[in-house]
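Please take a moment to look over the sequence and the model before reading on. The paragraphs below are meant to be read with both in view.

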Amino acid sequence: MSRRFRTAALALAAVVLPAQAFAAEQVNVYTYRETKLVQPLFDAFTKDTGIAVNVISASSGLEQRMKAEGANSPADVLLTVDIGRIDEAVAAGVTQPIQSAVVDEIVPPRYRDPDGHWAGISMRARVIYASKDRVKQDAITYEELADPKWKGKICIRSGQHIYNNALFAAYIAKHGEEKAEAWLRGLKANLAQKPSGGDRETARDVAAGKCDIGIGNTYYWALMMNGDPDKKPWAEATRVILPTFEGGGTHVNLSGVLLAKNAPNKANGVKLIEWLLGEKAQQIYANANYEYPIRPGVPLNPTIAGYGKLTADSLPIAKIAAQRKAASTLVDKVGFDN
């Protein structure tokens, strides 16, 4: 049964799957994560609980699919990344509060929804990929990215991408829209080239000498170093600097979990969410995905630990989500991607 739901084709997004198709001791997961990254978790969950996990993976459109399926949706749990997608799922009205003392105990308040609709299960930081040869400083602030000393030396993907949208939204939450606009104009003036590609391509361009620093997520660098021989030279030519806000910490975002509004296996869905916050799952997540565990005390993957001590900014993720639209508007206003 489970293989039937491992297809990742977005074309299937409009298909309505009857909830009756699933047996009682199962849980149905919709996810934006690649199946190969999350399957080890689900296999371990099934081994521990006897509950089968059926997975549908897609690159976009899962909230719309759940909305179209309505009361007949088989989805129990939505596993996603980035506060942008988390926020969109809640806005689509396809989730319900997760009522769990386990979630409340393990996940710090700043990493869960005040209304209970989502909770973080791991963290990723938006950091600097710095040229080993051309960047000598070991510390940098996000504010400093707009300093003219970096003119023509910064590479970054589109300002409208959800990863950058969250960083820019955090800047607005920290400093207000007026200062954020000035900063974004300064950052744009320092770009070596038009925003393009992804975080891996950013590292590639730093390695090639097109720019001295790039902005990317922590786990991409670890994946390049450990998982893809073709891209390892890009990581080897760079090093990760954990930037901070002035007077604050490093901007982090979440991999998050939500409970589906019409979950036919709600109890199993809550069991899965709680299990994902356990020590075993958090360790698997840390090593399979190179992310920071949300559960305190779980060891980091050695590559991630090698970046240095992460001091995550204290800004609640919900406050960042509230500034997403303003961040997107600013990107267009300053012509960041032009």
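What follows is a walk through two parts of this structure, beginning with an annotated pair of residues and ending with a pair of helices.

The model is a predicted one, and a good place to enter it is a feature taken from a record: the unreviewed UniProt entry places a "binding site" at Tyr219 and Tyr220. Both Tyr219 and Tyr220 belong to the lining of the largest pocket. Tyr219 lies in helix α8, which covers residues 218-227, and Tyr220 is placed in helix α8 as well.

Are these two residues buried or exposed? Tyr219 has a relative accessibility of 5% and therefore counts as buried, since buried means under 20% relative accessible area; Tyr220, with a relative accessible area of 12%, is buried too. Setting aside residues up to four places away in sequence, Tyr219 touches Arg124, Tyr163, Asn289, Tyr290 and Glu291, while Tyr220, with its neighbours within four places likewise left out, is in contact with Tyr129, Arg157, Tyr163, Asp199 and Arg200. Tyr163 thus appears among the contacts of Tyr219 and among those of Tyr220.

The second part concerns helix α1, residues 35-49, and helix α10, residues 266-276, whose axes come within 11 Å and cross at roughly 115°. Because angles from 65 to 115 degrees count as roughly perpendicular, α1 and α10 are described as roughly perpendicular to each other. The contact between them is made on the α1 side by Leu41, Phe42, Ala44, Phe45 and Asp48, and on the α10 side by Asn268, Lys271, Leu272, Trp275 and Leu276. The crossing of α1 past α10 is right-handed.

How values were computed: Residues are numbered from 1 along each chain as its sequence is written. This is a predicted model: local features need pLDDT of at least 70, side-chain atom pairs count only at pLDDT 80 or more; totals for chains, interfaces and linings use all residues. Side-chain values use heavy atoms; hydrogens and water are left out. UniProt positions are given in the numbering used here, feature names are shortened, and annotations may be inferred rather than shown by experiment. On a 1 Å grid over the protein atoms alone, a cavity is a set of points where a 1.4 Å probe fits but cannot get out, and a pocket is an open set with protein on both sides within 12 Å along at least five of seven lines; lining residues have an atom within 4 Å of a point. Helices (H or I, at least four residues) and strands (E, at least two) are DSSP runs, numbered from the N terminus. Buried means under 20% relative accessible area, exposed over 50%, partly exposed in between (1.4 Å probe, protein chains only). Contact means heavy atoms within 4.5 Å. Axes are lines fitted to C-alpha atoms, for helices over the stretch in contact, and angles run from 0 to 180 degrees between N-to-C directions. Angles under 35 degrees count as roughly parallel, over 145 as roughly antiparallel, 65 to 115 as roughly perpendicular and the rest as oblique. A crossing is left-handed if the near helix is turned anticlockwise from the far one by less than a right angle, and right-handed if clockwise.
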